[in-house]
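Could you take a look at this one before we talk? I've jotted down what caught my eye.

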Amino acid sequence: QEVAASEAVDQETSGESASIGEILCLPGLLQYSFSYMFLKLVNYALFLWLPFYLSEGIGVDKSLATLMSARFDMGFIVGAILAGLASDITTHYAGMPMRSPIVSSFLLISLLPMGILRFSTDPDVIKYAIFFCGILQGGPADALTSAVSVDLGKHPSLQGKRATSTVAGAIDGTGAVGAAVGQYMVGMLSDRLGWKSVFIFLLGCLASDLFRLCKEISDVRASRGSAYCA
């Protein structure tokens, strides 16, 4: 264990940095980056617009709307821990980095509470849906910007070159694009078509996440014999 730890440190403190071209060619980087783009779009839309939607869209008192929205952040904390624990377990039993199944499972289940937000107007139901949205979307978001970045940054094709921070920046930077676009889309859709259309849009973004991650899982299965699988 001490030798493995020493090798990991050496990779990040010695040798040359990987080029942008080498990093962009890492298997799975583009899938994870675009998945995080859609996921961050959804997360920021809920984080920034939920209080306004609850007060203006369904008539909840503003102070109560703020408290209800805080459940999304609480869920984020729980989801990050659960997703991290689960992905460590799958990685241990697979004998290789194996994050995509956990991320995909969380996102698949998150379609349910998002659907509840789309159809329900009962505050007692919505507050639990918000909490579970935080759990099921927060876990994958933290996994993509932390554990996945480290796994890709140590890909054997890099031959020991430094890349972890650049990989994390590429994934998070792509996510920032989604967050920016999402704010514009939410405002436009809510004004022109109403709030129900906003949640249809957000559900579509989550479905796009699942499609890209399922593609990544199929690539993993196709390359199980290789030394590294994303």
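Here are my notes, point by point, starting with how far to trust the model.

1. Confidence first. This is a predicted model, and the average pLDDT of the protein is 79. Of the residues, 78% score at least 70. Two stretches sit under 50: residues 1-6 and residues 223-230. They part ways on contacts, though. For residues 1-6 the model has zero contacts beyond four places in sequence, whereas residues 223-230 come with 17 of them. I'd read anything in those two stretches with the pLDDT under 50 in mind.

2. The fold in outline. Nine helices and zero strands make up the element list, so to speak an α-α-α-α-α-α-α-α-α run from the N terminus on. Among contacts with a separation of 6 or more, 78% are between residues 24 or more positions apart. Buried residues account for 45% of the 230 in the protein. The accessible surface is about 11,200 Å², and carbon and sulfur atoms hold 65% of that.

3. A nonpolar patch on the surface. Which residues make it? Ile20, Leu24, Leu30 and Phe34 do, and the patch covers about 370 Å². Helix H2 (20-24) and helix H3 (29-57) are the elements that give two or more residues to this patch. Phe34 belongs to helix H3. Its relative accessibility is 33%, which is why Phe34 counts as partly exposed.

4. A polar residue further along helix H3. Asn43 is also placed in that helix. Is Asn43 buried or exposed? With a relative accessible area of 5%, Asn43 is buried; the cut-off for that label is under 20%. Leaving aside residues up to four places away in sequence, Asn43 touches Phe72, Phe76, Gln137 and Ala141.

5. Aromatic pairs, starting within one helix. The whole structure has seven aromatic pairs. One of them is Trp49 with Phe52: the ring centres are 6.0 Å apart and the planes meet at 80°, so this is an edge-to-face pair. The cut-off behind that label is an angle over 60 degrees. Both residues lie in helix H3, three residues apart, or about one turn of the helix. Trp49 is partly exposed at 22% relative accessibility, and Phe52 is partly exposed too, at 41%.

6. A pair across the chain. Tyr53 and Phe199 have ring centres 5.0 Å apart and planes at 70°, so they are edge-to-face as well. Here the pair links distant parts of the chain, with Tyr53 in helix H3 and Phe199 in helix H9 (residues 195-222), 146 residues apart. How accessible is Tyr53? Its relative accessibility is 3%, so Tyr53 counts as buried. Phe199 is buried as well, with a relative accessible area of 3%.

7. Putting the aromatics together. Trp49, Phe52, Tyr53, Trp195 and Phe199 form one aromatic cluster. Within that cluster, Trp49 and Phe52 are the pair three residues apart in helix H3, while Tyr53 and Phe199 bridge helix H3 and helix H9. The cluster also takes in both partly exposed members, such as Phe52 at 41%, and buried ones, such as Tyr53 at 3%. When you open the model, I'd start with these five residues.

Key: Residues numbered from 1 in each chain as written. Predicted model: local features only at pLDDT ≥ 70, side-chain atom pairs only at ≥ 80, totals over all residues. Heavy atoms only, no water. pLDDT = per-residue confidence, 0-100. Contact = heavy atoms within 4.5 Å. Patch = residues over 30% accessible without salt bridge, like charges linked within 9 Å, V, L, I, M, F, W, Y side chains within 5 Å. Areas by Shrake-Rupley, 256 points an atom, 1.4 Å probe, with all protein chains shown as cover. Salt bridge = Lys/Arg side-chain N within 4 Å of Asp/Glu carboxyl O. Helix = DSSP H or I, 4+ residues; strand = E, 2+ residues; numbered from the N terminus. Buried < 20%, exposed > 50% of the residue type's maximum accessible area, 1.4 Å probe, protein only. Phe/Tyr/Trp six-rings, centres within 6.5 Å; stacked < 30°, edge-to-face > 60°.
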